[in-house]
Amino acid sequence: MTATAALPAEATVYLVGGAVRDALLGRAPGDRDWVVVGTDAEAMRAAGFKTVGADFPVFLHPATGEEYALARTERKSGRGYTGFVVHADRTVTLEDDLRRRDFTINAIAQADDGTLVDPLGGRADLEARVLRHCSPAFAEDPLRVLRAARFMARFAPLGFRVHDDTLALMRGMVEAGELAHLVPERVWQELKRALGEARPSAFLQTLRACGALAVVLPEVDALYGVPQRAEYHPEVDTGVHVEMVVDMAARLAAGDTAIGFAALTHDLGKALTPADVLPRHPMHEHAGLKPLAALCARLKVPNAESQLATDACREHLNVHRFDELRDATVHELIERCGGLRQGSRIDALALVCEADKRGRLGHAESDYPQGRALRACRDAALALQAKDVMREGLAGPAIGEALKKARIAAIGAARRSLSGGTAPPATPAG
């Protein structure tokens, strides 16, 4: 069945948005979105299309399940990103619909015969690698500030930049307080998607350039300008370090937003270091737990992401100096992070710590033996179960204590095996 098979006879359908954009960029397209011109909701339902929601005229194709939206216009009726009145009927043109979209590169339509409809110059902006707003109506939706930053996280590796006029518009939206009307769940969704892109640092840089980072992620914004010891952090600025860490996390664990979020927040405590102590940051791993908890509560971060972030914030220095820890301390670390119940949590923690080590100027290709050692100790501990220490007369808490001692001994043996009798050099604190 073709895209137009079940449509009302008077309707014309166009492929729009990301599928057209990505095809022109030579990228694998994701979901396809269609816009329908020349008909109305009653005719779409009569043709077998199923209505999706009540706010917008969007329908599901009865055969393919793809979304088909009636061409529409929007009029601002309140604050925030939900205050819009939608108008959709047979008189709304394709060009009307394209003009109400966010960026010109997303406002290109393609007809059934392959002809492109591009009234706003989106194709030229693709070639120029520019992210540019479609119209002044862009300023009516504060979510578009976050979308601009997220698109930069995706397209910055291709050489894209935000158009100067668009950046100025975004700055004006921030200054007008529009971002205060964003609900936490939407902020988290945009952040999560950005952390899954190839260059999450571009998300932070874009938000910071328009002043939005201080509004939506003040705990992260506070890290910029905070110095670190140059012998351990040649990049010096903590904010720059965090940018490098999130990009390294995207490289080591592409698309894993839990690891990306933990990388983003592992050093929040450095913003709280007293000025007379700088550029040292004693106990920053513990100081960071309070702002991290506040951030997670405010954005309603899911438990899996918040737990890994908490583990990484609290433990990253312990993992860096892994060879200095006693065998019993290693066991406590693994247990504290839930690694004896869910071993994959240790894999994730090791990757975050590796991103922290390699997210430093000149260290992108550095080895990280501590990660291998942590995983090996986890494996050694999990290889032993209660049945392996059972013996006559042993019961209750004594079984748990015997298992703990056996696991600590196994951890010691694994460490000696890895080091050949000598411990690897420690990564400096930070």
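This report walks through the overall build, the nonpolar cores, a small cavity and some ring pairs of a predicted model.

Residues are numbered from 1 along each chain as its sequence is written, and because this is a predicted model, local features need pLDDT of at least 70, side-chain atom pairs count only at pLDDT 80 or more, and totals for chains, interfaces and linings use all residues. Side-chain values rest on heavy atoms, with hydrogens and water left out.

**Overall build**

The chain has 19 helices and eleven strands; these are DSSP runs numbered from the N terminus, with helices being H or I of at least four residues and strands being E of at least two. Its C-alpha trace spans about 85 × 55 × 35 Å along the principal axes. Of the 430 residues, 50% count as buried (under 20% relative accessible area with a 1.4 Å probe and protein chains only; exposed is over 50%, partly exposed in between). Take the contacts (heavy atoms within 4.5 Å) with a separation of 6 or more: 67% of them join residues 24 or more positions apart.

**Cores**

In soluble globular proteins, nonpolar side chains tend to be buried together. Here a nonpolar core means a set of buried Ala, Val, Leu, Ile, Met, Phe, Trp, Tyr and Cys residues joined through side-chain atoms within 4.5 Å. The largest one has 99 residues, and Leu 191, Leu 204, Leu 207, Leu 217, Phe 261 and Leu 374 have the most contacts inside it. Helix H5 (residues 143-155) gives the most to this core, with nine residues. A second, separate core of 14 residues includes Tyr 14, Val 37, Ala 109 and Val 117.

Which residues does Leu 191 touch, not counting those up to four places away in sequence? They are Phe 203, Leu 217, Phe 261, Leu 264 and Leu 299.

**The cavity**

A cavity is a set of points on a 1 Å grid over the protein atoms alone where a 1.4 Å probe fits but cannot get out, and lining residues have an atom within 4 Å of a point. Grid points are joined across faces, edges and corners, and the volume is the space filled by probe spheres set on the points. The count comes to one cavity of 30 Å³ or more, holding about 40 Å³ of space. Its lining includes Leu 191, Leu 207 and Leu 217, along with Glu 190 and Phe 203. Helices H7 (184-195) and H8 (200-209) each give two or more residues to that lining, and H7 gives the most, with three.

**Ring pairs**

Rings of Phe, Tyr and Trp (its six-membered ring) pair if their centres lie within 6.5 Å; planes under 30 degrees apart count as stacked, over 60 as edge-to-face and the rest as tilted. There are seven aromatic pairs, and two of them share Tyr 68.

| Pair | Centres | Planes | Type |
|---|---|---|---|
| Trp 34 and Tyr 68 | 5.6 Å | 10 degrees | stacked |
| Phe 49 and Tyr 68 | 5.4 Å | 70 degrees | edge-to-face |

Trp 34 sits in strand E2 (residues 33-37) and Tyr 68 in strand E5 (residues 67-70), so their pair ties together parts 34 residues apart in sequence. Phe 49 is in the loop between helix H2 (41-46) and strand E3 (50-52), 19 residues from Tyr 68. Trp 34 is buried at 7% relative accessible area, and Tyr 68 is buried at 0%. Phe 49 is buried too. Elsewhere, ring pairs link Phe 103, Phe 138, Phe 151, Phe 155 and Phe 160 into a cluster.

Conventions:
On a 1 Å grid over the protein atoms alone, a cavity is a set of points where a 1.4 Å probe fits but cannot get out, and a pocket is an open set with protein on both sides within 12 Å along at least five of seven lines; lining residues have an atom within 4 Å of a point.
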